[in-house]
Amino acid sequence: MKKLLLRATLCVGVLVVVVASLLVVFRDHVMIALMEHEEANRPRAAALPLPELSEEALSRMERHLRDNYRTPEDFILDSFVDHDVVIVGEHHRIRHDARLIRDMIPLLHENGVRILGIEFFPRADQEMIDALVSAPSYDPTVARQVLFDGLVFWGYQEYADLLEAAWALNRSLAPDAPRFRVLGLAPRMDWSHVRDERDKSDPELMKRVFPEGDADGVMAAIVLSTIVEKQEKALVYCGIHHAFTRFHQPATDPATGAVVPSRADRMGNLIHEAIGDRVFMISLHAPWTSREGYGAPMVYPVDGWIDRLMTRMDEEHMRVGFATRGTVFGELRAESSFYSLGTPDFRLQDFCDGYIFQKPFREYRSVTAIPGFIDDQNIEAARRQSPNPRIREVPFRYLGPRALNALITLDSSVESAVAHLQ
């Protein structure tokens, strides 16, 4: 009898181990299927038609674009004629935007601009970045580490490609030619202090998350000390909200949702305060936050004027960069966006100095997730340093690298964000 009980106990133990092993093997597959199902069945915003607009005004804008046509690349380069710092602001994770900046790298160097400042790379990794872009051979694992150190879930190939493009350029230069430099702007961050979303509204706790100070202040200080004070010129690539110079971004009270005094402390604001019109801000075409708030479906920028205009343009002139201040475009009013809440009689020239349009929203594609960006070696650091505290809770706490990499892919879904726009 004792032998039978022993055998039964052993069988149960083996069965438990087998079941536990199967759960470990299939946990990620199950969670990925659930996440994909949730994404596929998420309610979609109703299609937002383009507005019917003044034929006279559209014709005037069309003539202006044709008479003053410049490619996005030429427009960026021309912006350096009268400015030392050109800031390009993006919506994030849009494939053709990151590729535009990648393709600008050799053109910048050829035209005497030898620094590219990037929000997505950490200042603490500057020695690593410098070594990578000047090394005899390119090491993609180092580029991945730079991305991971900047933000643990920012595992996108098109942003890593910026480092490879700088390396390729430097390898092609004559030995005595000045090298191109990629400047990391992101400050030190320790998201392990955030245990709940409400923690992000606690100023004292957030000081521990950003021990060097507010991110915008740190990035502005790096630009001013490393570029402006050394009388260099640089292209700065960042999210649109960091890019604002003369525009003061509306803000809301986290508790009530009421609009409060607009922010004047974004990176671009601080740079503009220091050097005035020596800084030039360009907005990349992207959807804008609705007047109804950040939780509402996004709307056409500038009330749809630019998107409507581009339906009239031939392919040769559709991909374009143009100035806003002092032009017909600068006078465009915009009332459907949240941005209009902080500025009376809000117009495009209040928002940005220049604008780049590359393609209509129906052609937007997400950046490419790097396979295996989260792995067995960095998964605990990824959980600990996630800005989203839910990653440290059940069930995410028990997920493996495969599921967390799937989250990176789902998080980049630009297509779903603009699916209701033409």
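Which side chain meets that of Glu-197 in a salt bridge? In this predicted model, the partner is Lys-200, and the N to O distance is 3.3 Å. Both residues keep some contact with the surroundings of the protein chain: Glu-197 is partly exposed, with a relative accessible area of 42%, and Lys-200 is likewise partly exposed, at 33%. Side chains of opposite charge can pair when their charged atoms come close. A search of the whole structure turns up 27 salt bridges, and a few of them are worth a visit here.

One of these joins Arg-278 to Asp-84, with 2.8 Å from N to O. Arg-278 sits in the loop between helix H11 (267-275) and strand E7 (279-284), while Asp-84 sits in the loop between helix H3 (72-79) and strand E1 (85-90), so this salt bridge ties together parts that are 194 residues apart in sequence. The two partners also fall into separate classes of exposure. Arg-278 is partly exposed, with a relative accessible area of 38%, whereas Asp-84 is buried, with a value of 18%; the latter counts as buried because its relative accessible area is under 20%.

A further salt bridge, between Asp-345 and Arg-333, has an N to O distance of 2.8 Å. Here both residues belong to the loop between strand E8 (320-323) and helix H14 (348-351), and they stand twelve residues apart. Asp-345 is partly exposed, with a relative accessible area of 44%, and Arg-333 is partly exposed as well, at 42%. Salt bridges can also share partners, and in this way Glu-55, Glu-62, Arg-66, Arg-312 and Asp-314 are joined into one network.

The loop between E8 and H14 also holds Gly-326. This glycine is exposed, with a relative accessible area of 80%; it earns that label because the value is over 50%. From Gly-326 to Pro-261 the C-alpha to C-alpha distance is 27 Å, and the two residues are 65 apart in sequence.

Attention now turns to helix H5, which spans residues 126-133. Its buried residues are Gln-126, Ile-129, Leu-132 and Val-133. These residues cover an arc of only 125 degrees around the axis, so they lie on the same side of H5. An α-helix has 3.6 residues a turn, so residues three or four places apart point the same way. What do the buried residues of H5 pack against? Their neighbours are two strands and two helices, namely strand E2 (115-122), helix H6 (140-150), helix H7 (157-172) and strand E3 (181-186).

Helix H6 appears again at the second largest pocket, where it gives the most to the lining, with three residues. Rolling a probe the size of a water molecule over the atoms shows where empty space is left. The volume of this second largest pocket is about 270 Å³. It is lined by 17 residues, and the closest to its centre are Phe-148, Asp-149, Gly-150, Met-189 and Gln-385. Besides H6, helix H15 (379-384) is an element that gives two or more residues to the lining. In character, the lining of the second largest pocket comprises ten nonpolar, two polar and five charged residues.

Key:
Residues are numbered from 1 along each chain as its sequence is written. This is a predicted model: local features need pLDDT of at least 70, side-chain atom pairs count only at pLDDT 80 or more; totals for chains, interfaces and linings use all residues. Side-chain values use heavy atoms; hydrogens and water are left out. A salt bridge is a side-chain nitrogen of Lys or Arg within 4 Å of a carboxyl oxygen of Asp or Glu. Helices (H or I, at least four residues) and strands (E, at least two) are DSSP runs, numbered from the N terminus. Buried means under 20% relative accessible area, exposed over 50%, partly exposed in between (1.4 Å probe, protein chains only). The arc is that of the directions from the helix axis to the C-beta atoms. Contact means heavy atoms within 4.5 Å. On a 1 Å grid over the protein atoms alone, a cavity is a set of points where a 1.4 Å probe fits but cannot get out, and a pocket is an open set with protein on both sides within 12 Å along at least five of seven lines; lining residues have an atom within 4 Å of a point. Grid points are joined across faces, edges and corners, and a volume is the space filled by probe spheres set on the points. Ala, Val, Leu, Ile, Met, Phe, Trp, Tyr, Cys and Pro count as nonpolar, Asp, Glu, Lys and Arg as charged, and the others, Gly among them, as polar.
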